Structure formats: structure tokens, C-alpha cells
Amino acid sequence: MSKIGKITVKDRDTVSSLQDFLKLLLQKGAVEAVLVQQRLAINNAVMPALITDIENLGQADPLAPAFALNGARMLSRLTRKPLDAPIAAVMRPCEIRAFVELVKLKQGSVDNVILISADCLGAYPNNDYAKVAGMGAGAESTLSFYRNIISGKGTAAQDADISPACKSCEHPAAVNADITIGLLGTNMEENLLLIANTPKGEKLLADLGVKVEDEPLDGRKSALDALVGERIEYRDRMFARTSEAVSSVEKLMGYLRACVNCHNCRVACPVCYCRECVFTTDVFDHEPAQYLRWAKRRGALKMPTDTVFFHLTRLAHMSAACIGCGQCSNACPNDVPVMELFRTVAHGVQGAFGYGAGASLEDEPPLSVFHEKEFCEVTGGHD
Amino acid sequence: METKTGRALVIGAGISGIRSALDLAEMNYRVYLIDKSPHIGGILSQLDYQFPTDHCGMCKMLPTIGRDASSQFCLRKGLFHENIEVLPGTEMIALEGEPGNFKATLDSAPTFIDPEKCIGCGLCSAPCPVSLPDTFNGGLAKRKAVHLPVPHNIPNRYTIDMAACTRCGECEKVCPTGAIDLKTEARRAFKILVVDDELVVRDSLKEWLVVEGFSVDMADSGAEAIDLVSANEYGLVLLDVKMPGMDGVEALQIIREMKPDLPVLMMTAYATVETAVQAMKIGAAEYLMKPFDIEALNAKVVQQYESTVAVKGRVIEVGAVIMATGSDFCDPAKIPGAFGYDYPNVVTGLQFERIVSGSGPGAGKLVRPSDGKPARKIAFLQCVGSRDLKQKADYCSSVCCMFSIKEALLAKAKSGGEADTAIFYMDMRTFGKDFQRYRDSAEKESGVRFIRSRIHTVEPDIDGRLSLHYVDGEGAMVEEIFDLVVLAAGQRASKGARELARSAGVELNPAGFCRTDELFQSKSSREGVFAGGAISGLKDISESVIQAGSASLEASRLIRSKGGTSRPPEPKGALFKDSSRDLPRLAVALCACASSLAGGLDLEALGAALSRWDPSIRVLQTERVCTLAGKKSLLDSLRDTGCNMISIGACMPCLYGKMLLDLARETGLSPGLMDVVDIYTPAFGRGGQAEARVQTAMKMSIERLKGADPAPGRSFNIIRKALVIGGGISGLTAALAIADHGFKVDLVEKEADPGGLVRAIGSTIEGVATSGVLGRLVSGVRANSNISLHTGAEVVGSKAYQGLSFLTTIKTGDGETKQIDHGVTILATGGKEAATREYGFGQSGSVVTQHELEGRLGNGGAVGLGVVAMIQCVGSREEGRNYCSRICCQTALKNALRIKKDNPEAKVYIFYRDIMTYGFLDAYYTKARQEGVIFIRYSRDAKPEVTIGEGGKVTIVTRDPILGRDIAIEPDLLVLGTGLAPNDLGRLGEYFGFEVNEDGFFREAEYKWQPVDSKKRGVFACGVAHSPRSISESIAMAQAAAQRALVMLNRDVVEAGSVVARVRHGLCSLCERCISACPYGARSRNEENDRIEIDELACQGCGACAAVCPNSASVVRGFGDRQVMAMVDAALELI
Amino acid sequence: MQCGTCTGSCGSAARMEHTPRQLWRMVQAGMKDEIFKSRTFWLCSSCYYCTLRCPRGLPLTDTMAALKRVAVAEGYTTDRKSAPFYKAFLDSVRKYGRVRESEMMARYFLAVKNPAVPLSFVPLGMKLMARGKMDLHMPGFGGRGKLDRLYRKVMELEAAK
């Protein structure tokens, strides 16, 4: 039993009904601003915006099956130092989870932030979304995306489909948002659920005057389970495929062959939080003579150097915090399947530490805690 | 300026001796650390795993402040400190003079292998024909007469067991460096006179001794013997006791008059043993029993011979002596009576340690010694030779319970949880800090079985297995079959204790341990001679380390009071020049000495290869760089080339610590810019492979130096004053100890009068009145002008500044606040008798605590008591306060004995779970039972039930586990042993940056090795604030804490190590991962400037921060990314 | 110390209703009646194993014997088989200076006044006889009557206590 409020959808226009709810936040003075995806006038793309004017919320489309970048990075920018007024952030579950990781890394704070997240049924890769969204059609593409899903047509449209990261995502609902906007287990063309997961969320619903009732969520649970089941199946096939593809150093080098060291994946990665990446510091500023020495030793030196090392280092640093949003692959100009590699490794790493990235603010990141009897099977326990 | 330096002698280089030596060395005393054996480490060299982590941790004793003065090197392998001279194979044979001004005479065992020449190659061992049980492995393996006494020592030199050596000379022949000299000539020159009236005896003795290489003369009567002795120089006389005419004793007397230094061994038949013993009183060295056991005879003769060829009589002047020769184990196989302790699969705890040790005979596999099959059912028998009146051991060995639990857990770990382990015990003595929880977890989580039953005999079963018969908890007889039986062999006074006591002029107690002051346990009967560690009684590692600290404190106090100083000469100006702005110019010096060692390494080729690797370096060829001449020529070459970094390719880098420092002082280059590479290590192998490996090692060293940070370690200020919080026995002791070293101390006590817990105690169980010592301490503190005593005062705030500097605010009784600045803090906040609501406490006047009883007994309260019952462990050793309060059992016994003494008719019942009379306290348990005190055991799950009837009448009903039925007692008085609880520390932890454990006690940095330190520099704790302990234990701990504090106060500045972490703020994202990763609490975020800051004194350069920092914003000096990657590249170059 | 060594080492413990450890406990608790009604101490065969093994060096076997003596002195012997056995043994010794086994057994059987007891020994007796281990002939002894004085003296001394 959870505290559940409802948004009644008018005219089967889920998006504008949601906009109305967000407007309520500003109207009632519950927050000073809302960080939410906003439709751009130019090519119907969506980008995050920090909105203070109720009117601008008319362009908000948090349900659009797209996210040009992981919004957690943006929210981190807003909250790295204490905020003096409350804001709301409407983000996808993976963005919320990335933000949770960043908060644990002291790159942001949840003080004065209300996290709102709608159930996520997936998003298209950036390049494909332009096709799907059409020109100037407003939120129509969003509504049709959901209609297709409800009618059983699935997510594929216009030769495009949601990204592999989304297909393999086992967290379509953000359980750690203050408010979850429930689409699953309800007819989203008639009703949206407002599920308060935290005391902060409950207080918000009360402040907004939303009527709440205790309601069992059986229908929602079975819908979620079914969706997660499908995704886990996809995910495990992906893990198997990827593990095989990188099962030796040679294969790994082949897997990453197209990498040109542009570091876009690291820039797009929400949890890669270093102010300056070690790969852009003097450490990798090799002496010119060094290249020749390496080349001599091996007969040939692949250029650019350090590409595999770059990915391995990023895996070492971030796989415990990887939340699987897939923005790395989204950002790759050469279609290196970075997400698949990261998620496969992250699954093993996080499993080994019994840690779920982004699951909870309370779980300490694996490297921050010391357990005396950890990995005895590796260390031998005593020696 | 004082120039005189204090010196101290520490005897015994086991754990306590090392601790004492390091303590005094860190205070800049000159320390001689001697040990009879050829190696340091004592028993710890044989133990790989220690409670509570089941790892070693000895290195944690190394200095953390000013750590560059000591090699940061595994202490089980070697000890290198610039103020310590380690003398293995050395004994003190005489101690003359006055406290503060002793002359100690040292004898060193003869060395048949020159340690300077031995390179540890082991070629000598192969041809040695002798094979005998390997003492290091508890006799589980074999070794040769020429052997390594400890496999992992560095440097590791071979030694010869001359008692077993046949002097065949094979080892001499094969030694590549000519290090072995069996001194055959010297043996021939050693003349022995054999005196016996029986020709057969004379002849056979002569034959044996000549085979052994000695020269022998014979005499058939006392008279002839005297003639011969007067005319010749003999090394030894073997003298028969019973001879016609002049008998042996008479002859001995005359020989003693003629040549008092000539050793005489008496030879005696069984019938005249008494006479022989008499003879020893008039100066015979030993006696031998007929018929002779050739090996025993040989051993004794060789012992006499070796003492004559020993390096005799080095006399050193020292201010104080610390005896730290520890204790020994009894040999269960030698306990008379067929206990079955000598079957092959019955081993001692120590042998078990060797079995599971990676350096042991079976490379750490858990197998049975008899056949190497896996040991999967293992029994541990406690109290073998302890708590045994028949063995004259009316004491508890104190360490075995934890030792066995640890070994049972090791067995579980080594077998992947498969092994079934059962510990058979009488009382499980988990009296130390966190022992009880360790036991509980062994039982509950690891499934170690604890069976309260003493095994009477080990009986053989088929196939090498062993059968044990015992009574189980229900009283039923059980037979169980085991693969391996491990005996917790009881401790004994160390073998040499008696001789040492004689030469040091101190008394021993009846058990053969050093007799110490009852409350000040480091004080022996001779002023200036102190007892450190287990020589003062039965102690585990932690207690030994504390005791060692207490001894070094007392030694320092004495040396100081006699005018010795611990101040080093002031350094003139900056030690090393800052070459951070100079161009790096690197020299490589390759030492050619004994290049044959590495199978003829071609140094020219090596030099050429290195020059090719980096043409900018200068390659120098040197010779014997470890000698003065070698060093001088190296210095000259360095000066000629103008190089400012040097990598030396030589041998045994650990020995170069001191030399590099000398070199650094003479050249002005920081030692951080010098490196020594062992290019002769056998690990490199031989031939071409070795050349490639040497080259790689040198290249790595070159790359390491090229990236080295030339800036020296930073120094910080220290406020040379101490704050002691708590004016109980611990606080008073610590404050006085520091004040006696000339430093100012502020002592803060919250009560109006100092004294703390001790005021509630009349006398100790030994019968020492506490008022005396407390009175002396209080008046000592009041009279000491260095101490400001603040009573009725409490600490209300404190802030730490850079370096060792605190500013603390206290509030006095009249509401006034005062600011106190200090560099070190000692926490001695003590504890209190724990409160209880159990067993009807508070409901009847007949239910009292032990303290209340003690108060009554002082006023003749025992008279009129008919029945007294005592319940132990009230609220203790169960969750809530799951620890043993350690003092309650002895308090109960003390009070019970007092009642029995004042009123022998009184019946006293003690309800207990385990009686915790560790060490010599066990004798009081024996005494109490003799006096008729009845002990009734109960378990945590079935406590006695107490009902309070009308008029407060108390009835106790409990199940007697032996009779298996309920018994009821109606005592006049029920006394509850409620144990000790710590005083509330309030916000002190926050103020001073130390942690508190779940029971509210101070959490030390490391239980065994740093028992009084906190992780926060300059903050220490002692006494009950740390854990429950008795008065004498609190005093020892207070002294140990004062000692640690003095190490810091004794400096003008404190130097951080040169290897410390640094933050590159421009790269830092402030994620604070490094803060949680730092094990030393050395990092914090400065909220004012939003930066991560490092406390360089606390930082130990471990690199955990650098490892968690994803973009190397945190780096460790001397281990930069580029530097390490260049080293990796160098390492891979030839692969 | 209630370590249980005595019980563990006792060959007869399995047949005793209270193990030796329990017995000592009962002694401490002063449970006189129960002790003397039990047959525990009578079953002690004086092998001295417990005394040898006791880490405290307690004279346990001697204490068992003392219990037997007290039991006889205080008349706790009525329904016991062991007391008549000891008595028969000692009477035989007193008379002859050594044990005359056949007569001793006969006296013992008479004393227990229970025909089942001698009958229960028949199989053992037959076996012993078959192997020549039992001689029905009553040897004459040089020591006859010599110990009687000693016995009387001891009795006098004990009476004087």
C-alpha cells in the first residue's frame, strides 16, 4: 500500500495533463523552478531546461522518448553548492540513479531538490529521435509512441527503435524519486499515478492539495514485472554476446578498434565526474622518443595509443557507478558498442560488491568502505 | 647544551624487546638490543597469524613520526634503526655499577660463519651429512647442522649448530666466499683433563672427545689431577665424584683455589647426585650422570668450549637495562605419565602454527604430520601443563585460549570451512578486549565447537588417528576420533631466566619469572633493571607490548634522572639542499665486489646497456661500496661528475638505510634521491636470465629516481606540553611520568579529588593496600611543579592545528573557562562499576555489588554472615556489554577469601560462567577452593533465578550443570559482579579525533601493536578508558601511553615522512573518496577554501588515496603516475 | 575445577549412577544420604587412574576409599553387594595374612544372603576352574593370625578418635 494521488488525463493528452501538474508546482510556490525536458522550437528536439515561468512549461515534455544527454550532469551543476530555493527536477529513472551516484560523490545534493520521475518505456538514440519526432509536430510523436505501446505495436517506428541501453534496462521505474509518475499498470490515456516514495514526496502532494489514498498497486506491479522480465532477458543475451566478444585481450582490442580517443563517451557519461580526466593530463603526454621506443619493441605501434587503456581505466574507475543510461554509446561517433561493454563489466563488478549503482543514497560506494573479510576467495583470506 | 647521551641495554629481541628498543631509540637514546639466538623476532618469527585479524601486523610498531629514521621494513625479517645496535647471538654475563651508570659485560657466541662474508647462498647446507629436527618448525621437519635459523630473516646468514656438527669440513670446502671456519685448530688447542679412577671410563671418554677434535689428558686420582692442572693450561676438567683417596669434591675445591676460572664438570653415578649438586654450589659448572649419553656429554663439552672461544667481555656502559627475554613453552611430550602427548599426530600449538604457515614444512597445507593426509577433524586441548599443580604450574598461561580459538579458525580457513574443530577446555578465558566477541563469532559463525571437558589421555586409534574420551555437557561419556590433536602447551619461565637473573642481579618468583613490584610490574628487585614483556608474568602480545612500553618509560625516567639525556645534538642548518630547481643528473654506481656471487655478472655490459637506455646517465664502477673506503671513492666520483641523483647496484638494500643517510649528509643530497638495487640477490637466478633481470631492476631504479621528488619531508611545530584527561590511577601515573621528563602537564579531573575508581578499592587481591600508592601518586602530582592539576573541571572543547598543536578549553568547578595549549593528549577517563537492575538489585538490602561488599568487609562486615552468594558476569559477556570486565573474578575471590578469613564458618557460593583468573591469579582460585568456597557454573542461556521474598529474603535457584538438577540457596547476602563500564566520553572523541567502540571504550589504532595509540596523531589512551583492567595493568598502560607521548614531546619539531600524499587541487573534484579511504584519518575537507587537506604527520604514504582517486588529483610523493608508468615500461622492456 | 578429568578417565564411570565428578559435587553440597545410598563409590576399583590424571593432584581414589569406610562405619551398607565383598576380603586377609580366594567367595556369598548372587558367578567360576585359575583347595598359610594384631590395633586407634 502506497500513498497514491492521481492526475486525470484530459482529452487523452497525457503530455499536457502532466504539464498542468508541473504548473501546479510553480503556482502553489512549492518550488522556484522546474528542471525538465523542453521541446525546442527549431527542430522539435527536446533538451533539458530550468523553467521558472509557468508559461514555458507549456513546452515541457518529460515523456518524450529521448534524452539528448543525461540530465544528472545538469542537476549536479545546479546543486554542487547549496541552493537557496527549492527546485523540482523531472528526470528519467537512469538520470535519477546517476544523480544519486553523483550525490554520493559529493557532486550534487538532494537538499532543496524534489526528484520527479515518470516510468520510462525507453528512448531513441539521438540520431534516430530526429526522424521519429518529425518536424514541428509538437508532442504528437510522444503521444503516438505511447499509443503504439498500448496497442501492442511496440516501440519501433520509422526504421528506428529505442536504444539497446533502454531495451536492456531493468529499472523502468524510479523507486528513489520523491514522486514517481506512474504510467504502468494504469491506462495512461486516462489516468496517471502520483506515487510518493519519500516523506518529501508525501509532503509535496499534501502541499499541492493532491488527494491521496492508500491503494494497492498490484496491477502496476505485474505490469512492471512483465516489462522488467523482458528487459532482463534482452540484457542477459547482450551480456553473453559481449562477454564472448571481449573474452581475450586481442578480441577486446578488436572490439574497441574504431575508437579514436575522442573521449566523447567520457564526456557524455553522467558518473564520470572528474574535473579533468587523467587522460587529458600530462601523464599521457609521452616523450616523443617514447613512441619510437615502443614501436621498435613491437615492430608496429597502433596510433593513437592508449585507446584500450582509456576504456579499461574508465571501467576501473566507473564501472561500480555505471547506471547503464547508454549515453556513452549515444555519443560515440564511430558506433563502438561502449554501453554493452560497460554494462557487462559493471554488472559483474556491482554484483561482486553487492552494490546497485544509484539504488540508494544510503549504500556507500564500494571503494569507500572497508570490509575485513571481503573477497577471501581472491585474497585467500589470510595471506 | 647537554652532550651526554643516554644509553640502554635491552636483553631479548622478541616482540617486547623490539618494542622497548624502538621506544628508546625514538627518544634518541642509544640502544643495544641483544638476543641469545642468532635472529630477532623471538616467538613471533614462528607465528604468521595473530588475533584478532589473523594476520601479522608487527610492522605497525615501526615509528610513524620521524619514520625516515627507521627502515620501514618487515619487523619479522629485521630491525634497522639508526639508534639501535642489534647484537644477535649475544648474552649479558655480568652487570656491575650503579643505576644510571651500569657496566654490562656481553659475550657473543662464536661465529663459525663470518656474517660479513656469508651471502646466504645455501651451498654449504647441501653437503652437510647431519640431519636433525628443525627447531624453527617445532621439530616437524629436518634441517642440517649448517642451516638458516629463520627462513625469512634479512639479511639471512647461515649458522652452524656445533653440538650436532661432525666437523667433516664439507661446508668449508664449498663456501664460495670462504665465510666458514670451523676452527678445527682451536678445538685441538682446547685441552680437556679427564679424571676418573676407572680406566674404562677414562679411555672411552678420551676416545669420544678425541673424535670430537679435542685434546685429552687423563688422570686416575685427585692428586694426579691437581698436579696436571698446576702444570698445564686446560680448557675443561671432567672430574669423577667418587674416587679412592681424594674424592672429586675435595679435588674440585683445590682446583677452584688454583684456577678459579677453569670450568669443571662433575661426573657422577646416580647414587652420588646429591654430592654433585653440592659440588655445583662450590663452583662446578655442571654435572654429568653416568652412564653417559654421548650426545648430552658432547653438548655440554661443546658449550664449555664455545664459551671459551666466544667473543668475550665486550663491556658497554648503559644507564638502564631492560630484560625482555619472554617466556617458553613446556614440552608436553616430556610431561611424566603416559598422556599420549608423544604420538605423531599430537602437536603443540606452536607446531600447528608451523603446519599452517606458508614457510612451514608443508607449505601451509593443513595436513597430519604422520602421513601428510588432510587433517579434517582437529581437537584442541587446553591447559596442557598449565593450571596443573602436578606440573608445579598453579597458574594460567593466559594466552592459550585465544591462541587455540585463532588456530581453530585458521584450520577452518585453511580447509575451506571443511575441518571440524573442537576445543576442550575448563574455563574459556576470553578476558581481553574483544576476546568474547571473537569467541562468540568463532562458535556461531564459524562453527568451532567448544566442549567444557578436560581430556585425560590421548589414545591411539587405527591409521594414525587419535581417540579422546570425555564427559559431555549432559554428563555422558563420549568417545570421539580425531585426525590431529593440538595441545595448548603451557608457558614456562624462559630457559635462560635463571642465569640472566643471576648475571643481572635480580630475583625471580617461585615460577621462575622475574619478581616484580606488585603494582609497578616493570620494576624488578634491582633498581635500574626493568622487566619488559612476558618475563614479568604470562602475557599475550598486546600486554607484552604495553609492558615493554612501561619498561622503556621507566628506563628513560631513570637514565634521565641520572643525568643521561635523550636529546640529539642540534642539527646545523638545513640537512639537505633543495635540488628541486636543478637539472636532474643521474649517476649509476655498480658495485663490483664479489661479482662472482651472481655467477660472474658482466658489469661492463650492464653499464653499456644502461647507457644505451638513457644516454644522459653516468655509469660508475665501484668496489665494496658498503665499506668506508668504498663509500669514499663513491663520494669522490659523485663530486667529480656533479650528479645529483644516484642509483647504486649492490647487495642487500635493507642494510643501506644508514649508509644512504650518511652519504646524504656528506653530499647534502636528500636520501630520497638515492636508491640501492640488490643486483646480487639469488632471486635473479643465474646466467643470461639474471643479466636481463638485473638490467631491468636497474632501469626501474633509474626511472624511479628520474621522477623522484627532491623536496625533503616537511617539519611541523609541536607544543611540548601534555594534557591528561582523568585523574585516576592511570592519569596520575601518566602525568607524573611525563612531568618527570621535564615537560609541562595539565591534568584535568572532573571530581573534586583525584583518585577515581581506585578509591573504592581497599586492597588488591595480592593484599597491597591501594591507599599507599594512590597517596604517593597524588602527593607526587601535587608537589610536581610541572603539573597543573585542575579538579572539578571538564573539557568543553578542543581544536587541533597544523603539526602537533591543540588548543583545549576546560571549564572548572566555579564555572570559569581556561584555555590550554598542548601537543599531546592522554585520555585516562576511566570507568565505573556498571549499574544493574538484574537479580533483584534495588529490591532488597541483601543484594549488593562487589564494591559495596568491599566497603562492608572493610568494617568487619564478614562477621555474622552465614551464607554469601556471588553472581559473576552480571550484564557482562552478553550483548549489551559483551566483554569480560576482567577484574570481577579476582574481586569476587578476594572478597570471598576475606570472608573466609574473617569468618571461617561462612559459606560462600560463587555462580560463574568462566573463572577468569589468568596468569598468576589462578593460584587464588585454587586457594579459594581450598578454603571451601563453592563454585557453581551457569550458562548465558540459563542464568540463576533470584526471587526476593518477604523482608528482602533472597532465594537463588539454578541448575547445577554437574549434578544436572536444580539447587536452591538462600544467602544472607547476594553480591553481584556487575563489571566495569567506561565513563561517558561525551564529545571528547569529536574534540580529539579518536573513535569509540560499540561498548564506549576508546578504540586503539591497533589492538596488538599500537594498543595505546589512536589513529589521530598525538592522542593516546590508557587505563579503563581503553578497556577493563586491574590497577597494576592500568599503571603499566599509563606508563606505556606516557612513553608514546614522550616520543613526540621529545622533539623540537616533528618530521613528516618524505613519502606522503599531496593533492593537486586544480584536478580535484572534491568527491571526498580519499577521505573515506584514508586509514589514518589524515585527510579532511577544508570547508573554508573548499580544498582537501592532508595532515602530513598522520599520512603514512600508504597510497590508498591515490588508488581511489580516479584522476590522480591525489598523488603520493615518489610514486607519481608518470614515474610509475615509466618504471613499468622499463620493467617490460626486455620481456 | 570441575574439569571432568576424573570421570573421563574412570573405567567404571559408565556403571556408576553418579559419575565421580558428580560425586565430588555432591560431597561439596553435603548430600550425604544420596551419596551413601548410591553405589558410585563402591564401584571404584581403585585403579588410581583419576588420581594420576587429576591436574590438581587431588587424592581422588583415596577419597573413594574413605567414602567406603565412612559408609561402613555409619551403617550405609545394608543393601549393598560390595561391602560384604570387602568385608569378606579383609576377614580373609586378617585370618590368613593373604587372601584365600575360595573361602573368601564362600563367605561373601553367605553374607549377601541372596542365592541369586552365587548363582550369577557360576559361569565365571566354571571358566576359571576350566583354565586352572581357581583352586578349591584351601592352602595353609604361614601368615595365619599374624595380621590379627594389626587389625586390632587399628580398631583401637580408630575407636580412640
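**Chain C**

I began with the contacts of chain C between residues at least 6 apart in sequence, and found that 54% of them join residues at least 24 apart. I note at the outset that the model I am reading is a predicted one. Chain C has nine helices and zero strands, and I read its elements from the N terminus on as α-α-α-α-α-α-α-α-α. I also looked up burial in this chain, and of its 161 residues, 38% count as buried.

**Helix α13 of chain B and its two partners**

I then turned to helix α13 (residues 541-561) of chain B, beginning with how it packs on helix α1 (residues 15-26) of chain B. The angle between α1(B) and α13(B) is about 40 degrees, and their axes lie 8 Å apart. I therefore entered α1(B) and α13(B) as oblique to each other, and I recorded their crossing as right-handed. On the α1(B) side I listed Ile15(B), Ser16(B), Arg19(B), Ser20(B), Asp23(B) and Leu24(B), which meet Ile541(B), Ser544(B), Val545(B), Ala548(B), Gly549(B), Ala551(B), Ser552(B) and Ser556(B) in α13(B). Sorted by class, the residues of this contact of α1(B) with α13(B) are six nonpolar, six polar and two charged.

The second partner I looked up was helix α24 (residues 1031-1049) of chain B, which packs with α13(B) at an angle of about 65 degrees, the axes being 7 Å apart. Here I recorded that α13(B) passes α24(B) in a left-handed crossing. From α13(B) the contact draws on Ile546(B), Gln547(B), Gly549(B), Ser550(B), Ser552(B), Leu553(B), Glu554(B) and Arg557(B), and from α24(B) on Ala1036(B), Met1037(B), Gln1039(B), Ala1040(B), Ala1042(B), Gln1043(B) and Leu1046(B). I counted the classes for α13(B) with α24(B) as seven nonpolar, six polar and two charged residues. Going back over the two lists, I marked Gly549(B) and Ser552(B), since α13(B) uses these residues in its contact with α1(B) and they appear again in its contact with α24(B).

**Helix α12 of chain B**

Which residues of helix α12 (residues 497-504) of chain B are buried? I wrote down Ala497(B), Leu500(B), Ala501(B), Ser503(B) and Ala504(B). As a reminder to myself, an α-helix has 3.6 residues a turn, so residues three or four places apart point the same way. What covers the buried residues of α12(B) includes β1 (7-11), β4 (90-98), β16 (320-323) and β27 (529-531) of chain B. I also checked what comes after the helix, and α12(B) is followed by Gly505(B), with a positive phi near 70 degrees.

**Salt bridges**

Over all chains I found 86 salt bridges in the structure, and I looked up three pairs and one network.

In chain A, Asp161(A) forms a salt bridge with Lys167(A), with 3.2 Å between the closest N and O atoms. Asp161(A) counts as partly exposed at 23% relative accessibility, and Lys167(A) is likewise partly exposed, with a relative accessible area of 26%.

In chain B, I noted a salt bridge of Glu85(B) with Arg30(B), the closest N and O atoms being 3.3 Å apart. This pair links distant parts of the chain, since Glu85(B) is in strand β3 (residues 84-88) and Arg30(B) in strand β2 (residues 30-35) of chain B, 55 residues apart. I have Glu85(B) as partly exposed at a relative accessible area of 23%, and Arg30(B) as partly exposed at 27%.

The third pair is Arg437(B) and Glu998(B), whose side chains meet in a salt bridge at 3.6 Å, N to O. It too links distant parts of the chain, with Arg437(B) in helix α11 (residues 435-444) and Glu998(B) in the loop between β50 (995-996) and β51 (1002-1003) of chain B, 561 residues apart. Are the two partners buried or exposed? Arg437(B) is buried, with a relative accessible area of 15%, whereas Glu998(B) counts as exposed at 61%.

I closed this entry with a network of salt bridges that links Arg387(B), Asp427(B), Arg429(B), Arg452(B), Arg877(B), Asp914(B) and Asp922(B).

**Ser360 of chain A**

Last, I located Ser360(A) in the loop between α14 (338-353) and α15 (376-379) of chain A. Because its relative accessibility is 17%, I entered Ser360(A) as buried. Leaving aside neighbours within four places in sequence, I found Ser360(A) in contact with Val100(A), Lys104(A) and Asn176(A).

How values were computed:
Residues numbered from 1 in each chain as written. Chains lettered and ligands numbered in written order. Predicted model: local features only at pLDDT ≥ 70, side-chain atom pairs only at ≥ 80, totals over all residues. Heavy atoms only, no water. Axes fitted to C-alpha atoms, helices over the stretch in contact; angles between N-to-C directions. Helix = DSSP H or I, 4+ residues; strand = E, 2+ residues; numbered from the N terminus. Parallel < 35°, antiparallel > 145°, perpendicular 65-115°, else oblique. Left-handed = near helix turned anticlockwise from the far one by under 90°. Contact = heavy atoms within 4.5 Å. Nonpolar A, V, L, I, M, F, W, Y, C, P; charged D, E, K, R; others polar. Salt bridge = Lys/Arg side-chain N within 4 Å of Asp/Glu carboxyl O. Buried < 20%, exposed > 50% of the residue type's maximum accessible area, 1.4 Å probe, protein only.
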